Amino acid sequence: MAIRTRFTRNSIIFLDGQTWCDAFGPSVVKFIDEFVYTPFDGADNPAAYTVTLVEAGAGESTLALKAGADGGTLLITTDAAEDDGVNLQAKGEAFKPLTYPIYFGCRFKISEATQSDFLIGLCITDTDLLGGVTDGVYIRKVDASTTMAFVLEKDSTETSTNYGTAVAADTWYKFEFYFDGTNIDWYLNDTLQTRPVTTNLPNDEFLTPSVHFLTGAAAAITIEVDYLRAIQILA
């Protein structure tokens with residue numbers, strides 16, 4: 001599909017289908033990480049992320065840029081005790097789903113479909129997102145399930161919409177959502193899903209790109225993240 005452009009609010013958006021590849025202009029706010037040169041060193045990446053390692057045993061989970069990955073990939077490897085993993089959030093909270101359009105996109109795959117937990121999207125700052133984040137717009141899968149759900153959460157009250165196909169291991173998934181200032185649509189692998197009601201859209205909070213990944217058993221597992229993109233066009 002050819003790249004096309006759209007002009008809005010004195011800014012230009014570059015799109016591939018519904019996917020926002022980038023945007024430029026005086027009212028653009030964006031966070032784009034293709035994981036090409038992000039300086040991960042264990043949990044030490046003060047320039048861009050707050051990283052919280054979740055550890056039950058003596059070892060620790062790790063973050064690294066995967067060697068030889070086309071275009072750059074973040075590799076998170078959990079330690080080998082149940083619920084070990086990594087909580088990763090971009091520093092600061094710059095995105096508020098109030099009246100201005102917001103796009104979020106991520107491409108990822110996991111090594112274990114059932115015994116794993118993950119949450120990916122825009123959330124308030126919280127070092128234990130899967131433990132009970134109060135506000136966010138995200139996709140979530142919990143341990144012992146292979147069902148992904150798209151969640152709008154405001155003040156700990158959720159609207160959850162399930163993805164009808166079971167998650168598979170070692171399969172790339174492209175997750176996106178677009179809020180136009182009124183409605184929110186979400187996509188998996190470029191397919192539009194059921195539009196949720198926005199009753200629990202967290203429109204009173206600033207949010208940040210977030211990933212939380214845990215192993216669901218006494219075994220080390222991985223998630224690979226190809227990119228994280230959050231783009232908003234302000235007035």
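Of the contacts in this protein with a separation of 6 or more, 66% are between residues 24 or more positions apart in the chain. The model is predicted. Its secondary structure comes to 18 strands and 0 helices. The radius of gyration is 17 Å, close to the 18 Å that the globule rule gives for 235 residues, so the protein is as compact as a globular protein of that length. Along the principal axes, the C-alpha atoms fill a box of roughly 55 × 35 × 30 Å.

The surface can be described in a similar way. The protein exposes about 9,800 Å², and carbon and sulfur atoms supply 50% of that area. Of the 235 residues, 49% count as buried.

Leu74 is a buried residue that can be followed in detail. Leu74 is found in strand 7, which covers residues 74-77. Its relative accessibility is 0%; because buried means under 20%, Leu74 counts as buried. Which residues is Leu74 in contact with, leaving aside its neighbours within four places in sequence? They are Phe35, Phe40, Leu63, Ala64, Leu88, Ile223, Glu224 and Val225. Phe31 is 43 residues from Leu74 along the chain, and the C-alpha atoms of these two residues are separated by 16 Å.

The beginning of the chain offers a sheet to trace strand by strand. Here 3 strands form an open sheet in the order 1-2-3, with antiparallel pairing. Strand 1 (4-8) and strand 3 (19-24) are the edge strands, and each pairs on one side only. From one strand to the next, the twist averages 30 degrees. Strand 2, residues 11-16, pairs with strand 1 in the antiparallel sense over 5 bridges. Within that pairing, Thr5 has Phe14 of strand 2 as its bridge partner. Strand 2 also pairs with strand 3, again in the antiparallel sense and over 5 bridges. There, Leu15 stands opposite Trp20 in strand 3. The hairpin of strand 2 and strand 3 has 2 residues between the strands, and in this hairpin Gly17 takes a positive phi near 65 degrees.

Positive phi values also occur outside glycine in this model, at Asp83 and Asp155. Most residues other than glycine have a negative phi. Asp83 has a phi near 70 degrees and lies in the loop between strand 7 and strand 8 (85-90). With a relative accessible area of 37%, Asp83 is partly exposed. For Asp155, phi is near 50 degrees. Asp155 is found in the loop between strand 12 (149-154) and strand 13 (157-162). Asp155 too counts as partly exposed, at 48% relative accessibility.

The cysteines remain. How many disulfides does a search of the whole structure find? The search finds 0. Cys21 is in no disulfide, and the nearest cysteine sulfur, that of Cys106, is 15 Å away. Why does Cys123 form no bond with the closest cysteine sulfur? The closest cysteine sulfur to that of Cys123 is in Cys106, at 12 Å, which is too far for a bond; a disulfide needs the two sulfur atoms within 2.5 Å. Are Cys21 and Cys123 buried or partly exposed? Cys21 counts as partly exposed, at 24% relative accessibility, whereas Cys123 is buried, with a relative accessible area of 0%.

Methods
Residues are numbered from 1 along each chain as its sequence is written. This is a predicted model: local features need pLDDT of at least 70, side-chain atom pairs count only at pLDDT 80 or more; totals for chains, interfaces and linings use all residues. Side-chain values use heavy atoms; hydrogens and water are left out. Buried means under 20% relative accessible area, exposed over 50%, partly exposed in between (1.4 Å probe, protein chains only). Two strands pair if DSSP finds at least two bridges between them. Helices (H or I, at least four residues) and strands (E, at least two) are DSSP runs, numbered from the N terminus. Axes are lines fitted to C-alpha atoms, for helices over the stretch in contact, and angles run from 0 to 180 degrees between N-to-C directions. The radius of gyration is taken over C-alpha atoms; the globule rule is 2.2 Å times the number of residues to the power 0.38. Contact means heavy atoms within 4.5 Å. Accessible areas come from the Shrake-Rupley method with a 1.4 Å probe; for residues, only the protein chains shown count as cover.
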